[in-house]
Amino acid sequence: MSLDELLKRERSGWMKGDGPAADIVLSSRVRLARNLADTAFPPRLSAAAAAGVVERVQAALPSLSSALNRRFALFPLKGMSRLDRQVLVEKHLISPLLAKNDAAAVVLSEDETVSIMVNEEDHLRIQVLMPGLQLEEAWRLADAADDALSRVLNFAYSDDQGYLTTCPTNLGTGMRVSVMMHLPGLVLSQQAGRLLGALPKLGAVVRGMYGEGSEAKGNLFQISNQVTLGQTERELTDNLSSIARQLVEQERSARERLYREMRWQLEDRVCRAYGILTNARLISSDEALRLLSDLRLGIDLNILPHVPPQVFSDLVVATRVGFLQKAASRQLTPQERDLRRATLIRQRLQAR
């Protein structure tokens with residue numbers, strides 16, 4: 001399993017498009033923050049100590065592979081091009097913060113369902129990504145990975161505060177659970193602001209596609225738990241699953257109401273998006289996301305029955321700046337990117 005093979009592969013395991021409520025919940029993620037007990041935390045880590053952390057994680061991989069029955073490989077970021085790092089971010093396998101760190105590394109399973117960021121904000125960020133609403137399944141896999149690594153690595157833990165983390169908001173379980181949701185019905189019916197704005201009262205927070213600090217585009221929202229201290233892993237998972245199920249019901253209800261009350265306007269919006277996507281010669285990243293969101297809504301409402309749902313998540317990733325340049329094997333100008341993006345979308349949709 002080479003890095004180049006992984007980077008050229010558009011579809012990760014979480015992008016299969018199956019799983020419960022996959023028409024609205026694109027992915028479920030569980031992330032565990034862990035630090036080594038005998039080593040300074042990343043903000044105070046020397047270059048030599050950071051390299052030592054990477055070496056210790058590398059030595060722990062046989063235990064991880066055996067426990068999860070998966071092949072894993074570790075890829076240091078030092079020497080990795082900025083473009084390759086960007087592609088990993090676009091596939092949601094590493095964070096934008098990790099991508100900036102030459103002392104960091106990432107561990108990936110062959111199907112890219114499991115990734116471990118090394119020397120990000122914490123020594124380890126164990127992440128599991130699965131398609132659809134599968135938070136409990138993702139948690140079980142992340143827990144198994146955590147158990148396997150803890151047999152080899154001594155994690156920093158306090159009886160009073162739980163797992164010790166760089167950021168106090170991650171104390172306790174050190175666990176973040178999140179779902180990536182496509183909510184065009186709530187946005188178009190102008191309910192999104194009210195419903196999403198109420199989530200902090202339920203212990204959840206709303207972010208964009210790439211987590212903290214990113215903007216929500218294409219009606220895609222990442223919803224995650226707000227705190228980790230004082231709740232068990234089961235409580236965190238159950239709470240966010242409940243929130244996600246309620247949003248799924250509200251989104252489906254909003255779509256049905258829009259189609260019932262504004263059928264021709266909605267069909268016109270979807271068909272215009274399809275027309276532009278199948279004919280445009282230049283298209284920007286933001287415009288592509290907006291139109292692809294309309295396309296996916298039309299697929300789910302059976303307005304475009306000949307287009308498979310999978311094309312949405314494939315194109316959301318494949319049309320990102322890093323992926324386009326990786327496919328071209330060179331840096332592209334903005335116009336070249338817009339040209340290649342439009343060509344790629346036309347080819348994918350016209351092949352259906």
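**Close-up 1. The surroundings of E112 in the predicted model.** At a relative accessibility of 1%, E112 counts as buried, because that value falls under the 20% limit used for buried residues. The structure shown is a predicted model rather than an experimental one. E112 lies in the loop between β3 and β4, and its side chain is joined to that of K91 by a polar contact of 2.9 Å. Leaving aside residues up to four places away in sequence, E112 touches L6, R9, S12, K91 and L93, so that K91 appears both in this list of neighbours and as the partner in the polar contact.

**Close-up 2. The pairing of β3 with β4.** Strand β3, which covers residues 105–109, and strand β4, which covers residues 114–118, run antiparallel and are joined by four bridges. Within this pair, A105 stands opposite V118 in β4, while the loop between the two strands holds E112.

**Close-up 3. The open sheet and the helix packed on it.** Eight strands form an open sheet in the order β2-β3-β4-β5-β1-β8-β10-β9, and their pairing is antiparallel. The edges are formed by β2 (72–76) and β9 (204–207), each of which pairs on one side only, and from one strand to the next the twist averages 20°. Helix α8, spanning residues 233–261, packs on this sheet and touches β1 (25–34), β8, β9 and β10 (220–225), with a direction that makes about 10° with that of β8.

**Close-up 4. C167 and its loop.** C167 lies in the loop that runs between β7 (162–163) and β8 (175–182). With a relative accessible area of 24%, C167 is partly exposed, because this category takes in values between the 20% limit for buried residues and the 50% limit for exposed ones. C167 and D122 are separated by 45 residues in sequence, whereas their C-alpha atoms are 8.6 Å apart in space.

**Close-up 5. The chain that frames these views.** The chain contains 13 helices and ten strands, and its radius of gyration of 21 Å is close to the 20 Å that the globule rule gives for 352 residues, so the chain is as compact as a globular protein of that length. Along the principal axes, the C-alpha atoms fill a box of roughly 65 × 45 × 35 Å. Of the 352 residues, 55% count as buried, and among contacts with a separation of 6 or more, 71% are accounted for by residues 24 or more positions apart. The chain exposes about 15,400 Å², of which carbon and sulfur atoms supply 49%.

Note on methods
Residues numbered from 1 in each chain as written. Predicted model: local features only at pLDDT ≥ 70, side-chain atom pairs only at ≥ 80, totals over all residues. Heavy atoms only, no water. Buried < 20%, exposed > 50% of the residue type's maximum accessible area, 1.4 Å probe, protein only. Pairing = 2+ DSSP bridges. Axes fitted to C-alpha atoms, helices over the stretch in contact; angles between N-to-C directions. Contact = heavy atoms within 4.5 Å. Rg over C-alpha atoms; globule rule 2.2 N^0.38 Å. Areas by Shrake-Rupley, 256 points an atom, 1.4 Å probe, with all protein chains shown as cover. Polar contact = N/O pair within 3.5 Å; in protein donor to acceptor, adjacent residues only side chain to side chain.
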